[in-house]
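Subject: Structure handover

Hello,

Here is the structure I said I would pass on. Please open it beside this email and go through the notes below in order.

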Amino acid sequence: MNKASIAFTIGLAAIAGGCRTSAIRHESTTLASTAASPSSVIVSAEQALASSSDLQPAATAPPQDLPAAKLVAYQQNAAPPEAIAPPASQWSLPELEQLALQNNPAMAEAVARVNAAHGNWLQVGIAPNPVLGYSGQQLGSGGLATQTGMYVGQEFVTGNKLGLNREVAAWEIQKAERDRDAFRLRVLTDVRIGYYDVLIAQRRRELATQLVQIAEKGEQSAEALFKGQEVSQADPLRARVEADTARIVLQNSINQHIEAWRRLTAVLGLPDFQLQRLEGEIKAEDLKLQWDETLATLMRDSPEIAAALANVEAAHWAVQRAYAQVIPNIEVQAIIQDDRGTRGTDGNLQVTLPLPLWNRNQGGIQQAHAEAAAANRAADKLSMDLQARLAIAFQRYESARNQVNQYAREGGILENANRSLTLIRTGYEADEFSVLDLLSAQRTYFQTNLAYLDSQRELWISAMEIRGLMLQGSLQK
């Protein structure tokens, strides 16, 4: 018994060590390979879309292993990084973008999902562990016919199932990486929209301050003329109402400025960041977008489309995996034992092979085909949805650009409103115009300048949505 047990233990240790070494070599070799580039991923997926209309599995040998992506550095239970506290200064757009990429939780979430996909790729390709156990027979014979020993068992996965598992998981890695790229664009687009929102809110606040000064100047002129008995008491009262209205506009603009800043700091991942001035220019001539070129860029560079195509490729490999499931795995069990009846050592070998008579994975194959078809249609639907979303944003961009040009051009609405106000104010002081003429000119000047800022805001926000490939809302996804 002792000799048999010792011999069995030594043999078992050798078997286990060999299995472990083989597994480690296989994993090391596979993990050393690099991931397919995004462009090759998209091309391969597009070829799959073009060539797999019926979604039938290939009749040839199973596909080769797809090189796995290098694992992203990951520390389990790692503490979240501390938010980077910005110094007090005027902030530019590139500086704010960098802050958001470092602090926005959406980016950390996307990276974690990529790490999870890498972990799944590693796990689904690992072979089952061997089984070690004790065997005892005829234990009630009083030691006359007792047979005791140990056994080792191993399940051998056939049909390249583990390789196909990793093919599917490798494309899931690609999808997670494209989703990460999409989140990066969402964050940057949110920052850019927030930046121009705050920048225009600053302009609106400055304009509202000027409007209050103009209204107060008109109020002072009306009061002076009333004291000189050149106008009735109604004139200073009307001017005072206009000045009070301008002060309301100023307070509203302050509130809008604060709200825009708070939304921006939420995207930055720095909600306690105190209100500061932003630097930058708002020039409509910097924006020149054409529909055909913009649509082509969106369809070529969209990470949403790349992720959908990676999902298509994963679904096609899942069809192959569903067919491979029919091939039964082999279970081998070897027993070595001490036989008291014969006073010797003997052994047993047992091989189990399930027969796929009733369960041939019919439902799994049907499900895999349906999911592959759904993935193809989802990619088509996404392309159409992107074009529809772009059409809406592009219409807003073109309308806003036309308004900005009409307001700002030489001899345009802003210039005429300013000249009209100057002329009527001078004429009112010379008693050529009534106070109603003055207040109407001031109101027109206020409204045209505020409308101009609204047009600028719409122009830049729609342009940032388009340049961000229609990706935004990083904190909502």
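Arg389 counts as partly exposed because its relative accessibility is 24%. This value, like the others here, comes from a predicted model. The side chain of Arg389 meets that of Glu304 in a salt bridge, with 3.3 Å from N to O. Arg389 belongs to helix 9 (residues 362-408) and Glu304 to helix 8, so the bridge links distant parts of the chain, 85 residues apart. Glu304, in contrast to its partner, is buried, at a relative accessible area of 16%; the cut-off for buried is under 20%.

Glu304 has a second partner to look at. Arg186 also forms a salt bridge with Glu304, and here the closest N and O atoms are 3.8 Å apart. Since Arg186 sits in helix 5 and Glu304 in helix 8 (residues 303-324), this pair ties together parts of the chain that are 118 residues apart in sequence. Arg186 is buried too, with a relative accessible area of 10%.

Helix 9 takes part in another bridge. The side chains of Arg396 and Glu458 meet with an N to O distance of 2.5 Å. Arg396 is in helix 9 and Glu458 is in helix 11 (residues 435-467), so parts that are 62 residues apart in sequence are tied together by the pair. Are these two residues buried or partly exposed? Arg396 has 23% relative accessibility and therefore counts as partly exposed. Glu458, at 24%, counts as partly exposed as well.

How many salt bridges does a search of the whole structure find? The search finds 25. Some residues are linked in a network of salt bridges: Glu216, Glu219, Glu223, Arg240, Asp244 and Arg247.

Next, the packing of two helices. Helix 3 (residues 93-103) packs with helix 5 (residues 161-227) at an angle of about 140°, and their axes are 9 Å apart. Why is this pair called oblique? Angles over 145 degrees count as roughly antiparallel and those from 65 to 115 as roughly perpendicular, so an angle outside the named ranges falls under oblique. Helix 3 is therefore oblique to helix 5. The crossing of helix 3 past helix 5 is right-handed.

On the surface, there is a nonpolar patch formed by Phe156, Ile330, Leu349, Val351 and Leu353. Together these residues have about 480 Å² of accessible area. Ile330 is part of strand 3, which covers residues 330-339. With a relative accessibility of 30%, Ile330 counts as partly exposed.

Two backbone angles are left. Which residues other than glycine have a positive phi? Asp431 is one of them, with phi near 65°. Asp431 lies in the loop that joins helix 10 (413-429) and helix 11. Met470 is another, its phi being near 60°. The position of Met470 is in the segment after helix 11, and Met470 is buried, with a relative accessible area of 10%.

A good place to begin is Glu304, with its bridges to Arg186 and Arg389.

Regards

Conventions. Residues numbered from 1 in each chain as written. Predicted model: local features only at pLDDT ≥ 70, side-chain atom pairs only at ≥ 80, totals over all residues. Heavy atoms only, no water. Patch = residues over 30% accessible without salt bridge, like charges linked within 9 Å, V, L, I, M, F, W, Y side chains within 5 Å. Areas by Shrake-Rupley, 256 points an atom, 1.4 Å probe, with all protein chains shown as cover. Salt bridge = Lys/Arg side-chain N within 4 Å of Asp/Glu carboxyl O. Helix = DSSP H or I, 4+ residues; strand = E, 2+ residues; numbered from the N terminus. Buried < 20%, exposed > 50% of the residue type's maximum accessible area, 1.4 Å probe, protein only. Axes fitted to C-alpha atoms, helices over the stretch in contact; angles between N-to-C directions. Parallel < 35°, antiparallel > 145°, perpendicular 65-115°, else oblique. Left-handed = near helix turned anticlockwise from the far one by under 90°.
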